[in-house]
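Here are a few short exercises to work through with the model open beside you. Try each task before you read its solution.

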Amino acid sequence: MTDAERFELDRPGRLRGRVAVVTGAASGIGAGIAEGFAREGADLALVDLVDERSAGAVLDAARAHGGRVSFHQADVSDESSVVSMAEAATAAHGRVDVLVNNAGIFTQSLLEDLSVADWDRVLAVNLRGTFLCTRFLIAPMLDRGWGRVVNIASQLGQVGGTEVTHYSASKGAVIAFTKALAREVARRGVLVNAIAPGPIRTPLLERETEQWRSAKLAELPIGRFGEVGEVVPTAVLLASEEGSYYVGQTLGPNGGDVML
Ligand SMILES: NC(=O)c1ccc[n+]([C@@H]2O[C@H](COP(=O)([O-])OP(=O)(O)OC[C@H]3O[C@@H](n4cnc5c(N)ncnc54)[C@H](O)[C@@H]3O)[C@@H](O)[C@H]2O)c1
């Protein structure tokens with residue numbers, strides 16, 4: 001046995017032998033999921049709007065676990081960009097087994113002040129992006145009879161929130177998309193689920209107003225914001241064989257903020 005083979009065997013492995021695409025992987029929750037998947041033995045095709053240099057830290061962290069990691073700069077809201085990304089990711093790894101639709105953007109505005117451009121951009125990244133990446137990566141999963149799609153929604157898509165109609169609409173639609181697609185493909189071996197995190201400490205959360213953050217802290221049952229590492233285990237579960245009876249579900253690592 002070569003050292004490389006021995007090292008392979010030493011890696012923990014709920015995702016061993018799997019190839020995962022993670023979008024929005026350069027920051028926050030996506031970066032955490034990328035590293036968590038790498039730790040579980042997955043090979044990774046990491047996708048982000050930013051360039052490879054800006055994603056350097058997450059690439060290094062993922063590669064430190066010994067798997068193959070490729071990077072693909074793409075805009076998930078753009079059809080031709082997603083088609084190129086899907087082709088490049090598949091070419092780099094031979095196949096894709098798991099897709100994590102994590103790329104997302106967040107802005108805040110009262111509806112009466114919300115620009116149409118802002119509405120369109122948030123829907124384009126959060127919802128259209130989820131559709132496009134799934135549309136151009138799912139067919140080979142269906143052909144092989146095994147696949148996982150994990151959509152990062154938000155609790156704001158479940159219960160709404162003030163000044164976030166566009167964001168809530170996009171994430172509520174991601175949850176509905178998850179349910180509909182899950183029904184369509186579950187019997188073909190592809191399981192589709194969502195995660196609706198509560199407030200998690202990432203650069204995105206820093207875009208919330210100070211007023212919102214202190215009000216939210218006061219009402220959170222757990223009394224603190226979540227950490228990225230508290231979302232990652234749910235993504236590993238849904239991406240792995242252990243999640244084999246979850247179909248169309250929306251799991252909520254949210255500190256008790258939303259209880260359904
Ligand atoms: N942080 C939270 O409190 C929270 C709560 C619920 C849901 N979420 C969701 O989790 C996901 C990740 O959020 P985060 O907090 O890690 O945010 P983040 O801003 O830290 O990271 C988002 C990443 O997505 C990338 N991205 C943005 N637009 C893109 C595009 N068009 N194409 C490709 N990549 C793009 C960004 O470059 C960035 O690397 C988002 O979908 C967000 O809506 C976050």
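**Exercise 1: Strands and crossovers**

β1, α2 and β2 together form a right-handed β-α-β unit; right-handed says that, with the strands pointing away from the viewer, the path from the first strand over the helix to the second runs clockwise. Helices (H or I, at least four residues) and strands (E, at least two) are DSSP runs, numbered from the N terminus. The model is predicted: local features need pLDDT of at least 70, side-chain atom pairs count only at pLDDT 80 or more, and totals for chains, interfaces and linings use all residues. Residues are numbered from 1 along each chain as its sequence is written.

Task: find which strands pair with β2 (residues 43-48).

Step 1. Strand β1 (residues 19-23) runs parallel to β2, joined by 5 bridges; strands pair if DSSP finds at least two bridges between them. Thr23 has Val47 as its bridge partner.

Step 2. β2 also pairs with β3 (residues 69-73) in the parallel sense, over 5 bridges. Here Asp48 stands opposite Gln73.

Step 3. From β2 the chain crosses through helix α3 (residues 56-63) to β3, again a right-handed crossover.

**Exercise 2: The two faces of β2**

Task: decide whether the residues of β2 are buried or exposed.

Step 1. In a regular strand the side chains alternate between the two faces of the sheet.

Step 2. Asp43, Ala45 and Val47 point one way, while Leu44, Leu46 and Asp48 point the other way.

Step 3. In β2, 6 of the 6 residues are buried (20 or more other C-beta atoms within 10 Å of the residue's own, with C-beta atoms placed from the backbone; exposed is 12 or fewer, partly exposed in between).
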